[in-house]
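User: I'm new to looking at protein structures and I'd like to learn how to read one. Could you walk me through it?

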Amino acid sequence: MDRLVVTNLTKRYEKGKFALNRVSLTVPSSNGIFALIGRNGAGKTTLVRILATQLSPTSGSAHINGIDVVKEPEKLREIIACVPQEARAINWTTPKQFVYAYLLWRGYSFKEAAKRAVDSLKRLGIGGYMDTASRKLSGGTKRKVLVATVISSEAKIIFLDEPTTGLDPLSRNELWEKLAELKKDHFIFLTTHYLEEAEKLADRIAILENGKIMAQGTLDDLRKMVKYPYSITVLSQHKVQKPKNGEMIIGVDGHSQILTTEREAKEIARKLVGKGVKFSMNPISLDDIFYHIVRKPVEEEGNYDEEEWA
Ligand SMILES: Nc1ncnc2c1ncn2[C@@H]1O[C@H](COP(=O)(O)OP(=O)(O)O)[C@@H](O)[C@H]1O
Ligand SMILES: [Mg+2]
């Protein structure tokens, strides 16, 4: 049985624009991280809220572990836990009190909740702060408290909506390390607009743009969807020729990037070596893939309600 099956899921908050437009996704049954990437307003939170049984779709269906998200929400809530995008630890509680309260709310006994709260905070590496008031904690530690909260119960399916947005690079890295560890015994549905995060952590990725799934699969699957899977970045101000097969992008810093086929990339690399120009050559990153896939205009594909124009 697949972990997640979403079929033609559509959400319109009001007449007009589709927040989700016939979204279909399949994620096989295994632990790991599924990353939903997309710009602000793409529809990520809407999808998370529907899958976490907090919002009803306009049409379509979704199943997690074979459980119908719309028809069997109570059953589903026993196996999922969610950190919403806007979630914050309560300032006047300590991490231990916060996780403990969450567990009591989930139905655990006092004794079991106390034990689980301590265990999960330790697992996130923040056992040393468990009795410190949340208002005194750093942004990174506060986020870890939220992650500790959702892993404290028996729920093995975790939704994290933009867990690292706004964190400094060091705290983000620390949280990545914890998520990489947690994915061994959890299925984590993660949303992010940091492409590096998805590239580092995710086993499978879907790109959401304007309410539509533009691509889904492993990083390698996505790379195969792109015509030019090799990237050469010329690190100096050296003027490079446009490739025969490919595209050239001039970055804001003046560096040129060439996207091309493996064959032409090797040819260009040989020439650059001959001229002594500094460059780097790599299979394209998720950043390049994302850029390639989402810059296609989608507004023209009938993403608006026709009645609006009547
Ligand atoms: N409660 C709401 N009422 C009306 N429109 C909403 C509501 N929530 C989100 N939207 C709209 O739905 C679209 C998708 O939003 P959202 O799911 O929050 O995207 P993301 O999480 O990717 O930034 C946006 O255009 C947003 O303005
Ligand atoms: Mg969001």
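**Reading a sheet, two ligands and a core**

Analyst: Sure, let's start with one pair of residues: histidine 63 stands opposite aspartate 68 in S5. Keep in mind that this is a predicted model.

User: Which strands does that pair belong to, and how do they run?

Analyst: When you read a strand pair, look for the bridges and the direction. Here strand S5 (residues 67-68) is joined to S4 by two bridges, and the strands run antiparallel. S4 and S5 make a hairpin that has two residues between them. In that turn, asparagine 65 has a positive phi of about 50 degrees.

User: Is aspartate 68 buried or exposed?

Analyst: Aspartate 68 is buried, because its relative accessibility of 9% is under the 20% cut-off. Next, check what surrounds it. The side chains of aspartate 68 and histidine 63 are joined by a polar contact of 3.5 Å. A polar atom of the aspartate 68 side chain also lies 3.0 Å from the backbone nitrogen of lysine 71. Leaving aside neighbours within four places in sequence, aspartate 68 is in contact with Ala62, His63 and Pro73.

User: What is the strand order in the open sheet?

Analyst: To read a sheet, walk across it strand by strand. This open sheet has four strands in the order S2-S1-S4-S5, with antiparallel pairing. Its edge strands are S2 (20-27) and S5, and each of them pairs on one side only. Further in, strand S1 (residues 4-11) pairs with strand S4 (residues 59-64) in the antiparallel sense, over five bridges. For one matched position, take threonine 10, whose bridge partner in S4 is serine 59.

User: Now the ligands. Which residues surround ligand 1?

Analyst: With a ligand, list the surroundings, then pick out the polar atoms. Ligand 1 is surrounded by Tyr13, Glu14, Lys17, Ala19, Arg39, Asn40, Gly41, Ala42, Gly43, Lys44, Thr45 and Thr46. For glycine 43, a backbone N or O atom lies 2.9 Å from an oxygen atom of the ligand. With threonine 45, a side-chain N or O atom is 2.8 Å from an oxygen atom of ligand 1, and for threonine 46 the side-chain distance is 2.5 Å.

User: And which protein donors does the magnesium ion have?

Analyst: For a metal, look for the atoms that hold it. The protein donors of the magnesium ion (ligand 2) are Thr45 (OG1) and Gln85 (OE1), at 2.0 to 2.1 Å from it. These two link distant parts of the chain, 40 residues apart. Threonine 45 sits in helix H1 (residues 44-51), and glutamine 85 in the loop between strand S6 (80-83) and helix H3 (95-106). Threonine 45 is partly exposed at 24% relative accessibility, and glutamine 85 is partly exposed too, at 31%.

User: Last one: which residues touch the most other members of the largest nonpolar core?

Analyst: The general idea is that in soluble globular proteins, nonpolar side chains tend to be buried together. In this structure the largest nonpolar core has 54 residues, and Ile37, Leu160, Leu179, Ile188, Ile207, Leu286 and Ile289 touch the most other members. Helix H5 (residues 139-151) gives the largest share, six residues. A separate core of 29 residues includes Phe34, Leu47, Leu55 and Phe189.

User: Can we zoom in on isoleucine 188? What is it in contact with?

Analyst: Setting aside neighbours within four places in sequence, isoleucine 188 is in contact with Gly32, Ile33, Phe34, Ile158, Leu160, Leu179, Leu182 and Lys183.

Note on methods:
Residues numbered from 1 in each chain as written. Chains lettered and ligands numbered in written order. Predicted model: local features only at pLDDT ≥ 70, side-chain atom pairs only at ≥ 80, totals over all residues. Heavy atoms only, no water. Donors = N, O, S within 2.8 Å, 3.2 Å for Na, K, Ca; no water. Buried < 20%, exposed > 50% of the residue type's maximum accessible area, 1.4 Å probe, protein only. Core = buried A, V, L, I, M, F, W, Y, C linked by side-chain atoms within 4.5 Å. Contact = heavy atoms within 4.5 Å. Pairing = 2+ DSSP bridges. Near = heavy atom within 4 Å. Polar contact = N/O pair within 3.5 Å; in protein donor to acceptor, adjacent residues only side chain to side chain.
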